[in-house]
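Welcome! Please take a look at the model below, and then we can walk through its interior together.

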Amino acid sequence: MPGDSFEALVMVEGAAKLALGTRFKKLPRAVFAKLSLPVLVVIALIVFVYVTVVFGVTIPWMEHSVPGVLHVAVLTVTAGLGLIMYLCCVYCEPGRVPADWRPDAEAGGLLLELKRKGGSRYCKKCSRHKPPRTHHCRVCNKCVLRMDHHCVWVNNCVGHRNYKSFFLFLLYVTCACVHALGILAAHAIHAVGEDSHRSQRARVAPAKAAG
C-alpha cells in the first residue's frame with residue numbers, strides 16, 4: 001500500500017508538471033502532506049452538515065420559496081467562507097522568522113523580549129535569534145512568529161500569518177452551525193405540528209362518518 005500511494009503521488013506530480021510547469025511540480029505533495037486525519041474529519045463534517053441541511057431538509061421542506069432560497073444562500077455563504085478560511089489556516093505559513101533577523105542593539109532592551117538571565121532569546125534548535133512572542137514548535141520543528149498554539153485540527157501552528165484565518169474560520173463555522181441548528185429545529189417543530197394535525201383529522205373523520 002505505501003508503495004502504491006508513492007507511485008500514485010509521483011504520477012500526480014508528473015501530471016502537475018506537465019499541466020502547470022516545473023514550478024508547481026511539488027504542489028500535489030504539499031497539498032497531500034497537510035491532509036491528516038483530523039483535517040479530513042473537519043472537512044467531511046462541514047460538507048456533511050451542509051449537504052444534510054440543504055438537500056435533506058431545506059429544499060424538500062421549503063422547495064423554491066423565498067425563505068428557502070434565502071436560507072440556502074446564507075448557509076452556502078457562511079459554510080463556504082468557513083471552509084475557505086479553514087483551508088487558508090491549514091495551508092498558510094503561520095509565520096517564519098526571517099533568516100537575517102537580529103536583535104537591535106540600539107533598542108536597549110525596550111523592544112526586546114529578554115531571557116530571565118538576561119540577553120536576547122536564542123533558539124538552539126533553529127540556530128537563530130527569536131523575536132518577541134516567538135516560540136519553537138516541537139511538532140513543526142521551527143520557530144513561529146507570534147505563535148498562539150499548535151492545533152491538531154488544522155495540522156498547523158496558529159501564528160502571525162494565519163491567526164486571522166483561524167479566527168474567521170471559527171466565526172463563519174459558528175454562524176453556519178447556529179443557522180443549521182435553527183433550520184433543523186424549525187423543521188422538527190413543523191413536522192411535529194403536521195403529525196398532530198394528521199392524527200387530529202384521523203380522529204375527526206370517523207366521527208363525521210358515524211354521525
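## A buried asparagine and the cores

In this predicted model, Asn162 has 0% relative accessibility, so the residue counts as buried. Asn162 sits in the loop that links β6 (156-158) to α5. From there, the Asn162 side chain comes to 2.8 Å from the backbone nitrogen of Gly159. Beyond its neighbours within four places in sequence, Asn162 is in contact with Cys89, Cys92, Glu93, Pro94, Asn156 and Cys157.

Now for the aromatic side chains. Searching the whole structure turns up one aromatic pair. The ring centres of Tyr86 and Phe169 are 5.0 Å apart and the ring planes meet at 45°, so this pair is tilted. Because Tyr86 belongs to helix α4 (residues 66-91) and Phe169 to helix α5 (residues 163-210), the pair ties together parts that are 83 residues apart in sequence. Tyr86 and Phe169 are both buried.

The same two residues return in the largest nonpolar core, which has 14 residues: Tyr86, Val154 and Phe169 have the most contacts inside it. Two or more residues of this core come from each of α3 (37-62), α4 and α5. Setting aside neighbours within four places in sequence, Val154 is in contact with Val39, Tyr86, Cys89 and Val90. Another core lies apart from the largest one, and its seven residues include Val57, Ala176, Ala180 and Ile183.

Here are the two cores side by side:

| Core | Residues in core | Members, among them |
|---|---|---|
| Largest nonpolar core | 14 residues | Tyr86, Val154 and Phe169 |
| Another core | seven residues | Val57, Ala176, Ala180 and Ile183 |

Technical notes: Residues are numbered from 1 along each chain as its sequence is written. This is a predicted model: local features need pLDDT of at least 70, side-chain atom pairs count only at pLDDT 80 or more; totals for chains, interfaces and linings use all residues. Side-chain values use heavy atoms; hydrogens and water are left out. Rings of Phe, Tyr and Trp (its six-membered ring) pair if their centres lie within 6.5 Å; planes under 30 degrees apart count as stacked, over 60 as edge-to-face and the rest as tilted. Helices (H or I, at least four residues) and strands (E, at least two) are DSSP runs, numbered from the N terminus. Buried means under 20% relative accessible area, exposed over 50%, partly exposed in between (1.4 Å probe, protein chains only). A polar contact is a pair of N or O atoms within 3.5 Å; within protein, one must be able to donate a hydrogen and the other to accept it, and residues adjacent in sequence count only if both atoms are side-chain atoms. Contact means heavy atoms within 4.5 Å. A nonpolar core is a set of buried Ala, Val, Leu, Ile, Met, Phe, Trp, Tyr and Cys residues joined through side-chain atoms within 4.5 Å.
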